[in-house]
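This report describes one protein model, from its overall make-up to a single sheet and a single residue. The terms are defined where they are needed.

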Amino acid sequence: MASVFSLAQLETRDAPKKSSHAWRRYAALIVLTLGLAACGGGGSAEDSATNVDPASSAANSNEATSVKALAQSVDAGATGNPISVVIKRTGNGDAFVVWRAFDGTRHNLWFNRYDVNTRQWGTAALLNLADQNITGYDLGTDGRGNAFVIASTDGPVYATRYNASKRRWDAEPKKLADVGGDVHIAADFDGNAMAIFSGMDQQVTAVYYASQRWMDPVAIGINYTGSGVVGRPNFSLDFEGDAMAVWLFSRVSTSTVHYNTFNHKSRQWLSVAAPVSPTVPGSAIDGANENLQVSADSNGDFFLAWQAYLNPMLTSNPDAVIKTSFFSRKNQTWSQGQIVIPKNQANDVRLKRALVIPLGNPMILWTQTEGSRVALHSKAYDGTKKQWQPTQIVDEAIGGNVTSVDLDFDYCGGAYAVWLQNEGSVAGTQARSNVAGSRYKVINGKWTRAKLLEDSPGTALSPRVTLDIDGKGFAAWIQEEGGAFRVKVSRLN
């Protein structure tokens with residue numbers, strides 16, 4: 001059952017500014033006002049029929065491994081060998097898919113666009129990024145059909161914007177910095193955007209887009225100590241367009257998580273170029289931190305999860321744990337970092353995705369060894385009870401070894417996870433990898449039975465997922481076909 005309103009209707013409401021997950025969280029606030037009945041349970045009748053605990057006996061039936069939908073290639077006419085892909089919906093129902101491909105000389109970025117009115121994908125085209133070799137990239141979308149792409153190269157960092165009304169990208173890309181990496185970008189409902197990246201000169205840089213232009217770069221985190229490394233940033237925008245940026249400051253044997261906050265009204269960061277930026281309590285360890293993942297909830301609070309290694313000399317089993325912390329918008333403080341997934345002598349814990357689900361609560365996905373295989377686990381936080389719920393094994397219905405994982409939410413509190421299921425006896429071997437998926441239902445707090453999203457004889461790479469307000473969306477990945485690799489997209493109903 002579809003929602004009783006659409007994103008087009010949401011655009012006519014008097015709405016605050018919302019980020020690229022923030023404009024989507026605003027939709028969740030509308031759903032909250034109307035009640036969960038507006039969600040119709042989320043997803044299709046097929047999903048509702050499989051609304052069971054993945055660990056139950058029913059989850060192991062043959063139906064669990066059925067292919068959900070036929071995938072289509074969206075890269076016809078593109079050249080080069082695709083390596084990675086990103087896909088995101090826009091607020092008006094369109095979608096963009098961007099991928100990096102190697103043409104034998106350099107890495108380029110290609111894109112395709114889904115038109116919600118025609119329900120068709122367009123023609124693949126090359127993004128103009130100053131004829132540079134692309135080393136990293138990210139994609140952000142706003143509430144009105146526009147899109148932003150940021151890319152790092154062997155030299156400068158560039159950004160380009162797709163104008164939905166003109167149906168074209170910028171004639172020339174904007175150079176944001178002479179050098180940089182670890183690039184991230186997100187946009188709010190009205191088309192403002194934030195780009196954050198790390199520089200080779202030991203700083204974290206932010207560039208804000210507003211009033212149809214890019215502002216001057218701002219150093220929001222600088223290493224004044226003369227030793228150690230500043231980098232690996234990540235950030236999130238809340239429903240008003242404020243931002244939370246986090247990054248790592250690491251020395252030989254210690255590591256801390258630092259942060260900075262952005263106010264969209266003043267267009268200012270909390271501590272610009274401060275000698276010592278604030279740290280997240282409990283993040284300082286005599287070991288290593290990595291894989292910072294931060295996300296905003298519908299109240300403007302933030303949730304942070306990261307991988308920590310308790311032994312300064314080891315970054316593998318059995319010293320890996322997952323820690324979390326909560327930021328209060330009201331108090332402007334982080335809670336003490338908590339170990340949610342502890343180390344285990346038999347398990348190699350690896351954080352994959354962490355996200356706040358609107359009308360729901362924070363969720364983390366991670367992998368760890370279960371007997372002879374690497375399994376995908378999830379744990380959701382109950383904000384009312386202020387406690388983490390029991391662990392669920394998401395992929396039990398199909399087994400195999402889980403590698404790459406992605407997660408996105410819908411506006412009724414549900415989510416969809418996709419991952420690579422490696423058929424080898426050991427994860428990471430040369431055996432075929434398949435794309436699998438499962439939907440999380442907030443109405444009962446359970447994952448549906450995992451199923452394969454494709455049945456190609458070739459191996460798959462780089463699975464990604466994006467959802468809209470009704471829980472519908474797309475999964476995208478790279479598929480081997482006849483010795484070549486193609487960019488595939490499958491509709492999730």
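Two strands are taken to pair if DSSP finds at least two bridges between them. Helices (H or I, at least four residues) and strands (E, at least two) are DSSP runs, numbered from the N terminus.

The model is predicted: local features need pLDDT of at least 70 and side-chain atom pairs count only at pLDDT 80 or more, while totals for chains, interfaces and linings use all residues. Residues are numbered from 1 along each chain as its sequence is written, and side-chain values use heavy atoms, with hydrogens and water left out.

**Overall make-up**

The protein has 38 strands and 3 helices. Of its 493 residues, 58% count as buried (under 20% relative accessible area; exposed is over 50% and partly exposed in between, with a 1.4 Å probe and protein chains only). The accessible surface, by the Shrake-Rupley method with a 1.4 Å probe, comes to about 19100 Å², and carbon and sulfur atoms hold 49% of that area. A contact means heavy atoms within 4.5 Å. Among contacts in the protein with a separation of 6 or more, 52% are between residues 24 or more positions apart.

**The four-stranded sheet**

An open sheet of 4 strands runs in the order 1-38-37-36, with antiparallel pairing. Strand 1 (72-73) and strand 36 (460-467) are the edges; each has a single partner strand, so one side of each is left without a neighbour in the sheet. Two of the pairings are set out below.

| Strand pair | Sense | Bridges | Residues between strands in the hairpin | Positive phi |
|---|---|---|---|---|
| 36 and 37 (residues 473-481) | antiparallel | 6 bridges | 5 residues | G471, about 90° |
| 37 and 38 (residues 484-492) | antiparallel | 9 bridges | 2 residues | G482, near 60° |

Strand 37 takes part in both pairings. R464 has A476 of strand 37 as its bridge partner, and Q479 is bridged to R486 in strand 38. In strand 37, 7 of the 9 residues are buried, so the strand is largely enclosed by the rest of the structure.

**Y158 in strand 9**

Y158 belongs to strand 9 (residues 157-163). Its relative accessibility is 10%, and therefore Y158 counts as buried. Leaving aside residues up to four places away in sequence, Y158 touches L129, A130, Q132, V149, I150, A151, T153, P173, K174, K175 and L176. One of these, K174, is 16 residues from Y158 in sequence, with 5.4 Å between the two C-alpha atoms.
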